[in-house]
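I opened this model to look up two things, its nonpolar packing and its charged side-chain pairs. My notes are below, in the order in which I looked.

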Amino acid sequence: MYKALDSSTHDLIRGATVTEGRYTVQLVKCKLLAKLGEWSLDPTIGWISLAEHTTNPDLFDLELRATNIILSTVGVLSVDEMTLKLMSDRTLKLDFKATTIYGTISLTIPW
């Protein structure tokens, strides 16, 4: 069994565990959030630079990078659908469906 993370704060939930399938979902989400959000704290970690965030980003390139991150996660077999949207408030919304060895997962990652 694997440790459970709170879905909103991503903190460990004391004494709670998850199955392998839910662990895969947590792992994909944490990897994407770390890669999406760390550029402001450590520019060597993030995959979107400040310049990309303040100008019009290349959504195709970002989609390729996200796909590579998702596919590099243990248990993920394929990315079936992906949509990246640049919202009017300058946030980026990543929606995707992927096939894992435990079934299909669907996530929305805002940035």
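These entries cover the core and then the salt bridges.

**Entry 1, the core.** I am working with a predicted model. I looked up the largest nonpolar core and found that it has 17 residues, with Val28, Leu32, Ile70, Leu94 and Phe96 making the most contacts inside it. I then asked which elements give two or more residues to this core. They are the helices and strands listed as α1 (20-37), α3 (59-71), β3 (76-86), β4 (92-100) and β5 (103-110).

**Entry 2, around Leu94.** I picked Leu94, one of the residues with the most contacts in that core, and asked what Leu94 is in contact with once its neighbours within four places in sequence are left aside. I noted Leu32, Ala66, Met82, Thr83, Leu84, Leu107, Thr108 and Ile109.

**Entry 3, salt bridges.** How many salt bridges does the model have by the rule applied here? I recorded a count of 2.

In one of them, the side chains of Asp61 and Arg65 meet with an N to O distance of 2.4 Å. Asp61 and Arg65 both lie in helix α3 and, because they are 4 residues apart there, about one helical turn separates them. I also checked whether these two are buried or exposed: Asp61 is partly exposed at 27% relative accessibility, and Arg65 is partly exposed at 24%.

I also noted the salt bridge between Lys93 and Asp95, where the closest N and O atoms are 3.9 Å apart, a distance that counts because the cut-off is 4 Å. Lys93 has a relative accessible area of 29% and is partly exposed.

How values were computed
Residues numbered from 1 in each chain as written. Predicted model: local features only at pLDDT ≥ 70, side-chain atom pairs only at ≥ 80, totals over all residues. Heavy atoms only, no water. Core = buried A, V, L, I, M, F, W, Y, C linked by side-chain atoms within 4.5 Å. Buried < 20%, exposed > 50% of the residue type's maximum accessible area, 1.4 Å probe, protein only. Contact = heavy atoms within 4.5 Å.
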